[in-house]
Each structure stands twice: as structure tokens, then as C-alpha cells.
Amino acid sequence: MEMPILTLYTRTRCPLCEQAEKVIAQLKEEMDFSYVANEIDQSDEWTEKYGLMIPVIEINQMLVQYGQIDYFTIKEALEAN
């Protein structure tokens with residue numbers, strides 16, 4: 001079974017993004033998954049797609065949660081992958 005890939009779409013000076021990073025760090029201590037953080041301001045496509053939604057978390061390229069990120073939703077999604 002392949003390790004899930006969790007992708008965070010974020011931007012600087014974003015308090016919700018900082019909270020999402022704390023949730024991810026906590027999960028990283030408990031579970032194995034790959035983690036990629038993408039700064040949406042580096043890509044017009046990402047800015048257009050996620051500009052009003054950040055932070056956005058995808059697992060294996062499937063949208064899992066955005067805005068207010070919570071530990072249990074992300075954990076369940078990782079366990080399902």
C-alpha cells in the first residue's frame with residue numbers, strides 16, 4: 001500500500017494556514033504520509049483555484065478540507081487512504 005500524499009495549499013501571513021500546519025505536524029508524529037506545502041501565490045492556477053479557500057488540504061489529489069482545518073477530519077481521510 002502506498003503512503004498517502006497530503007498537500008497543503010497555503011500563503012504567508014495566514015493564521016488559518018498556520019493552524020493547519022500545526023494539525024499536520026501533530027498528525028505527522030502519529031502517522032506515515034508524505035507532506036507537500038504549496039504557496040498558492042507562486043502559481044496563478046493555484047491562486048485562481050484556491051484563493052478564497054485557503055488553507056486547502058488534499059490527500060492523493062482529492063480535496064479533503066479547506067478553511068478551518070480540524071485534526072479528526074484529516075486523520076480519518078488519511079486512514080481511509
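Visitor: How many bridges join β1 to strand β2?
Guide: This is a predicted model, in which local features need pLDDT of at least 70, side-chain atom pairs count only at pLDDT 80 or more, and totals for chains, interfaces and linings use all residues. Residues are numbered from 1 along each chain as its sequence is written, and side-chain values use heavy atoms, with hydrogens and water left out. Strands are DSSP runs of E, at least two residues, and helices runs of H or I, at least four, numbered from the N terminus; two strands pair if DSSP finds at least two bridges between them. Strand β2 (residues 34-39) runs parallel to β1, and the bridges joining them number six.

Visitor: Is strand β1 largely enclosed or not, and how many of its residues are buried?
Guide: Buried means under 20% relative accessible area, exposed over 50%, and partly exposed in between (1.4 Å probe, protein chains only). Strand β1 covers residues 5-10 and is largely enclosed by the rest of the structure, because the buried residues among its six number five.

Visitor: Which residues form one aromatic cluster with Y9?
Guide: Rings of Phe, Tyr and Trp (its six-membered ring) pair if their centres lie within 6.5 Å; planes under 30 degrees apart count as stacked, over 60 as edge-to-face and the rest as tilted. Y9 and W46 are edge-to-face, 5.5 Å centre to centre with 70° between the planes. Y9 and Y50 are tilted, at 4.5 Å and 35°. The cluster therefore joins Y9 with W46 and Y50.

Visitor: What is the relative accessible area of Y50?
Guide: Y50 lies in helix α2. Y50 counts as buried, because its relative accessible area is 3%.
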